[in-house]
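Dear colleague,

I am passing on to you the structure that I have been reading through, and I would be glad if you could look it over with the notes underneath. The sequence and the structure come first, and the notes follow.

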Amino acid sequence: MDRTSSETRGLDPHFVPYRTRTNIPPMGTSGVRQVQEIFNQPDYLEQFIQGIAYHFRSLPANHPAAGRKTILLGGDPRLGNRERILKSAEILVANGFSVLMAESGGIASTPAMSHAIRHKEALAGVIFTASHNPFTDVGIKVNLHDGSPALEDTARSIHSYQNSEENRGYYTVSRDEARNSGLLEEIPTVELYGDLMDRIFDFASMREAIRGRERPLRILLDGMGGAAGPYLKEVFSKRLELHPEYHRCEPDPYLGGASDPRRANHPEPDFPYLSHLIEKNATGEYDLVAAYDSDADRRLDGGSGFWIESADEFALFALHADLIQLEQHFLPSGEHSPEAEVVFARSAVTSPAVDLMEEHLRRHYREKGLGLRILETATGFKWIAEYGNWGVEESNGLGNPWIREKDGIFSTLFLLKIMLQTGQTPRELMEEVWRRFGRIYFARGELSRAPERSASDPAYQEELRSLEEQKERLQNLIGEAVREGKGRGEMFGTLQLESLDSWDYVDPTGALRSAGAATILQFGQGNRVKMRFSGTGSGGYTLRLYLTHYSREYGLSKRDLLSPVTDALSHFFTWLGFRDATPGSYNDEKQPEMEQGS
Ligand code: VG1
Ligand code: CO
């Protein structure tokens with residue numbers, strides 16, 4: 001795929017100095033996200049992409065991808081992305097790269113891009129997506145030659161090139177020149193992705209099982225106006241010959257919501273944003289229901305009136321992993337060896353549902369001559385990708401070891417495969433897991449403030465600064481409490497705080513770390529809360545709160561169980577002296593309760 005630089009001869013790149021230079025922020029949990037007013041400033045995109053070009057132009061000769069010259073471009077359909085992708089292609093071609101652009105003007109999901117990068121043996125990929133953020137935000141993720149999201153070292157290097165003295169202007173060619181150079185081509189990411197899913201799931205056998213059913217499957221899929229639609233249609237309609245109901249499966253610049261920024265939709269597949277789907281699922285008429293975020297790397301799966309939480313679904317998949325020969329991915333060069341171990345990863349703030357199965361899994365893999373590791377990482381899938389990608393996050397992202405990203409559609413297909421194999425409903429499947437291993441009741445909430453002014457308001461920057469100060473104050477208060485052991489032994493509402501600690505993450509190389517990746521509050525009666533600041537926002541702050549409570553009984557009311565904890569948290573922040581915002585909007589508030597005693 002890669003071309004030599006001699007083939008770039010004949011181009012006439014010109015240098016365009018920036019009219020204004022902006023301070024581009026560092027990457028957060030997953031790339032950079034900004035409100036569109038900032039992103040659309042003159043030369044912002046140009047400065048951003050030129051910085052990426054500088055980074056990849058200067059890879060050392062011993063870099064595993066040195067010599068490769070192809071960069072993939074694609075992204076979600078949000079307002080302006082098609083143009084941004086073309087503009088970026090011109091800049092990258094002028095910098096000596098050849099560019100592969102996803103078909104249909106560059107609309108592609110993150111998992112499909114990740115797969116295509118590896119498949120084409122490219123140098124890297126740039127994915128234009130702000131993921132679950134509303135269309136009023138713009139985002140860019142950078143993925144490396146193996147398809148994985150850039151880790152801190154790459155992120156730091158790109159960031160410093162973007163803001164370096166050297167980066168005073170960008171190189172570009174005209175659109176026609178780019179098109180005629182032979183250095184800009186389209187790739188069929190939908191087809192490549194469909195082929196991959198077929199290899200994983202064996203569609204021929206699934207079609208047979210589908211044909212053998214007494215009653216046709218009723219399926220409802222919600223693409224939330226993002227990039228998922230074309231991939232869903234490829235696998236479910238074209239390849240599996242099913243007839244799902246498709247909701248918001250046309251890629252839409254407004255991501256399935258209103259074009260009015262004040263009423264922008266959050267393309268996030270979680271209970272607060274899916275009332276329509278929750279209602280439809282509640283009728284019990286659908287065997288399988290699912291929704292995906294704008295770049296289709298997150299999902300929420302359910303069916304027959306039931307919804308499966310992310311970490312629970314990972315536990316279910318762990319139980320049925322032989323159906324997709326999971327262990328093949330963890331064998332060094334395809335041979336069993338005493339050191340080989342299957343790695344089940346989850347971010348530390350995710351419900352440890354899979355941890356409950358440790359003994360079972362250890363026994364299972366020992367019989368296959370393999371070890372087992374269950375590990376906790378910092379938040380952001382890049383940390384899980386580093387270990388082989390078989391892992392889960394509470395925010396509805398789950399990976400598969402064939403690629404190096406989260407993959408929403410993989411998850412729905414795996415659930416469908418298990419349903420076909422066992423003849424059970426999602427609820428029956430989950431109940432079996434809970435009966436055997438117990439259940440962790442989980443909810444996430446937040447304590448947050450977003451700017452109320454728009455970015456075009458002259459007082460916007462001032463408001464941002466004041467919110468930044470609030471965030472710092474909150475950070476300091478928490479830090480101080482941890483350091484000085486404040487609050488230990490105190491009662492908050494009806495619960496006693498038993499301990500308060502900070503947790504750091506160090507990656508397997510030992511070189512990269514995420515200090516203070518979580519703060520852990522242990523309350524009485526087995527209630528644990530973890531918290532951390534979000535790194536995907538575009539202004540203001542969000543302290544995320546993650547609540548867990550373990551029980552052998554699986555049919556209890558989650559709300560009854562967790563309300564003393566949400567209450568304790570409100571008391572805790574007031575006690576801490578933070579009154580600028582109070583914790584609220586827990587995602588389970590909109591989650592249908594399971595019936596008692598079921
Ligand atoms: C959020 C989620 C995190 C996820 C990240 C990117 O980050 O909590 O689990 O990996 O978004 O998701 P934060 O820092 O806001 O909590 V997405 O779908 O960009 O790719
Ligand atoms: Co996403």
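The notes below go through the ligand site, then three helix pairs, and then two backbone angles.

Please keep in mind throughout that this is a predicted model, and that the values quoted here were computed from it.

To begin with the ligand site, ligand 1 is surrounded by 20 residues, and the closest of them are Thr29, Arg33, Ser131, Gly535 and Arg544. If the residues of this shell are sorted by class, 10 are polar and 10 are charged, while none is nonpolar. Three side chains can be named for the distance between one of their N or O atoms and an oxygen atom of ligand 1: for Glu393 the distance is 2.6 Å, for Lys406 the distance is 2.9 Å, and for Ser534 the distance is 2.6 Å.

Turning to the helices, you may wish to start from H10, which spans residues 228-239, and to follow its packing against two partners, H8 and H15.

The first partner is helix H8, made up of residues 189-201, whose axis comes within 9 Å of the axis of H10 and crosses it at roughly 50°. An angle of that size makes H8 oblique to H10, and the crossing in which H8 passes H10 is right-handed. On the H8 side the contact is made by Thr189, Val190, Glu191, Tyr193, Gly194, Asp195, Met197 and Asp198, and on the H10 side by Pro230, Tyr231, Glu234, Val235 and Arg239. Taken by class, this contact between H8 and H10 holds six nonpolar, two polar and five charged residues.

The second partner is helix H15, residues 408-422, which packs with H10 at an angle of about 30°, the two axes being 11 Å apart. Because angles under 35 degrees count as roughly parallel, H10 is described as roughly parallel to H15, and H10 passes H15 in a right-handed crossing. Here the contributing residues are Ala228, Tyr231, Leu232, Val235 and Phe236 from H10, together with Ile409, Thr412, Leu413 and Leu416 from H15. Eight of the residues in the contact of H10 with H15 are nonpolar and one is polar, with no charged residue among them. If you compare the two lists, you will find Tyr231 and Val235 of H10 in the contact with H8 and again in the contact with H15.

Helix H15 also meets helix H12, residues 310-319, and the axes of H12 and H15 come within 11 Å and cross at roughly 50°. The two helices are therefore oblique to each other, and H12 passes H15 in a left-handed crossing. Glu313, Leu316 and Phe317 of H12 make this contact with Ser411, Phe414, Leu415 and Ile418 of H15. By class, the contact of H12 with H15 divides into five nonpolar residues, one polar residue and one charged residue.

Finally, there are two backbone angles to look at with some care, since most residues other than glycine have a negative phi. Ser104, which is not a glycine, has a positive phi of about 55°, and Ser104 lies in helix H4, residues 103-106. Ala296, also a residue other than glycine, has a positive phi near 60°, and its place is in the loop between strand S11 (288-292) and strand S12 (299-303).

With kind regards

Note on methods
Residues are numbered from 1 along each chain as its sequence is written. Chains are lettered from A and ligands numbered from 1 in the order in which they are written. This is a predicted model: local features need pLDDT of at least 70, side-chain atom pairs count only at pLDDT 80 or more; totals for chains, interfaces and linings use all residues. Side-chain values use heavy atoms; hydrogens and water are left out. A residue is near a molecule or strand if one of its heavy atoms lies within 4 Å of it. A polar contact is a pair of N or O atoms within 3.5 Å; within protein, one must be able to donate a hydrogen and the other to accept it, and residues adjacent in sequence count only if both atoms are side-chain atoms. Ala, Val, Leu, Ile, Met, Phe, Trp, Tyr, Cys and Pro count as nonpolar, Asp, Glu, Lys and Arg as charged, and the others, Gly among them, as polar. Axes are lines fitted to C-alpha atoms, for helices over the stretch in contact, and angles run from 0 to 180 degrees between N-to-C directions. Helices (H or I, at least four residues) and strands (E, at least two) are DSSP runs, numbered from the N terminus. Angles under 35 degrees count as roughly parallel, over 145 as roughly antiparallel, 65 to 115 as roughly perpendicular and the rest as oblique. A crossing is left-handed if the near helix is turned anticlockwise from the far one by less than a right angle, and right-handed if clockwise. Contact means heavy atoms within 4.5 Å.
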